[in-house]
Amino acid sequence: MKAKPFYIVLIGLLLALFSTACSSDDAEGSNGEGNDKVYTLEAGHSLPDDHPYHIAFENMADRVEERTDGQVVIEVYPNSEIGAERELTEGMTLGTVDMVVSSTAPVTNFVPELEVLDVPFLFKNRESAVNVLEGKIGDKLFDKMEEKGIIGLSWGENGYRHITNGVHPIEKPADLEGLKIRTQENDIHLAAFEALGAQPTPMAWTEALTALQQGVVDAQENPAIVADQFSLYESNQTYMSLTGHVYSVAVYMMSKQTYEELPEDLRKIVVEEAQKAGAEERELIVEMEQESLTKLKEQGMEIIEEVDTEPFQKKVEPVYEQVEHQDLLQEIRDAQ
Ligand code: PAF
């Protein structure tokens, strides 16, 4: 074999030294996992930037960025800017959306077991809902989500859902007879409002405001904070009845694809901070709820505060039979 000239050997040696220097930089990266890559994650949700969904998400993003020395950057898009809740959820299953916080109702279209969370009058109170979610039932639901390509990070809440409308005060189920109401895209919600005698039309929140303004529907149901932040009194909504028919669970989630792309130490930080975000979000909802009710009253909305919910509960009883995952439903009932 012919010997290589000296200068070729020298160049080869220098190149080898240079490339070793680069990869060792990488190997000793700030996360100790062998790379300094920056992961920019797109997160979406449907509510404004002063809603607890967003505030807790942004606080989480700041903590994650700080703890990972800038290696994980979470960009949070409010107001359905990158999709409504159902689209965002689908995006996570496809790996086109990284993170989402959403009420559970539309997520059920991808993870059917979640239907049990939207059964009306299911939870005794907030505290028992949180106990169920933070316990083994919540973990079981997270496992089901993972099977569909979604990592459940933490449980939050959207608040108690109440009915608003522009026709008359709702005090008893008969007042709902024939009322055209926008519901979430969720079979249990649909069945519940049918059982109550209303005419439910499921649609994404992004379409709901126009539907209310144009009189396509007369009513909708959402927590007071949503009614306040979207000024529903300007969309023909004169009355709000505090039916509290569903404790609307929210969930912080991540695409499994994104999750698996993150090195383990960064993943751990994201999960830990998301868990804090869920708890912070729930606290903020409780703090802001009363304030929103006051603002709605100031804007001239009539709030029907003393609603006897028993007749409503009776009317929706058959919906319990329609739940497919009876075992899970029973587990939740037994746990309270
Ligand atoms: O009614 C809905 O679709 C949801 O409650 C909302 C407003 C998007 C928040 O999760």
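For counting by class, Ala, Val, Leu, Ile, Met, Phe, Trp, Tyr, Cys and Pro are nonpolar, Asp, Glu, Lys and Arg are charged, and the others, Gly among them, are polar. With that in hand, here are the close-up views of this predicted model.

**View 1. The ligand lies in the largest cavity of the predicted model.** About 180 Å³ of space is found in this cavity. Its lining is made of 18 residues, and E85, S103, R182, Q184 and W205 are the closest to the centre. Sorted by class, the lining of the largest cavity has 8 nonpolar, 5 polar and 5 charged residues. Look for α3 (85-94) and β4 (150-165) here, as each gives at least two residues to the lining of the largest cavity.

**View 2. A shell of residues surrounds the ligand.** From the earlier part of the chain come S46, L47, Y53, E85 and S103. The others around the ligand are N158, R161, R182, Q184, W205, N222 and V226. This shell divides into 4 nonpolar, 5 polar and 3 charged residues.

**View 3. Side chains of R161, Q184 and N222 face oxygen atoms of the ligand at polar-contact distances.** For N222, a polar side-chain atom is 2.7 Å from a ligand oxygen. For R161, an N or O atom of the side chain lies 2.9 Å from an oxygen atom of the ligand. For Q184, the distance from a polar side-chain atom to an oxygen of the ligand is 3.2 Å. The ligand taken alone exposes 290 Å², and the protein buries 99% of that area.

**View 4. A second cavity accompanies the one that holds the ligand.** The structure has 2 cavities of 30 Å³ or more, and the second largest contains about 60 Å³ of space. Its lining consists of P120, F121, I163, A192, F193, L196, T243, H245, F312 and V316. Two or more of the lining residues come from each of α7 (187-195), β8 (239-255) and α12. By class, the lining of the second largest cavity has 8 nonpolar and 2 polar residues, with no charged ones.

**View 5. The largest pocket has a volume of about 310 Å³.** Among its 14 lining residues, F121, L122, Q313, Y320 and R333 are the closest to the centre. Helix α12 (310-322) and helix α13 (326-334) each contribute at least two residues to this lining. The largest share, 5 residues, belongs to α12. The lining of the largest pocket is made up of 6 nonpolar, 4 polar and 4 charged residues.

**View 6. F121 and α12 link the views of the second largest cavity and the largest pocket.** F121 is among the residues that line the second largest cavity, and F121 is also one of the residues closest to the centre of the largest pocket. Helix α12 gives two or more residues to the lining of the second largest cavity and supplies 5 residues to the lining of the largest pocket.

Technical notes:
Residues are numbered from 1 along each chain as its sequence is written. This is a predicted model: local features need pLDDT of at least 70, side-chain atom pairs count only at pLDDT 80 or more; totals for chains, interfaces and linings use all residues. Side-chain values use heavy atoms; hydrogens and water are left out. A residue is near a molecule or strand if one of its heavy atoms lies within 4 Å of it. A polar contact is a pair of N or O atoms within 3.5 Å; within protein, one must be able to donate a hydrogen and the other to accept it, and residues adjacent in sequence count only if both atoms are side-chain atoms. Accessible areas come from the Shrake-Rupley method with a 1.4 Å probe; for residues, only the protein chains shown count as cover. On a 1 Å grid over the protein atoms alone, a cavity is a set of points where a 1.4 Å probe fits but cannot get out, and a pocket is an open set with protein on both sides within 12 Å along at least five of seven lines; lining residues have an atom within 4 Å of a point. A molecule sits in a cavity or pocket if more than half of its atoms lie within 2 Å of its grid points. Grid points are joined across faces, edges and corners, and a volume is the space filled by probe spheres set on the points. Helices (H or I, at least four residues) and strands (E, at least two) are DSSP runs, numbered from the N terminus.
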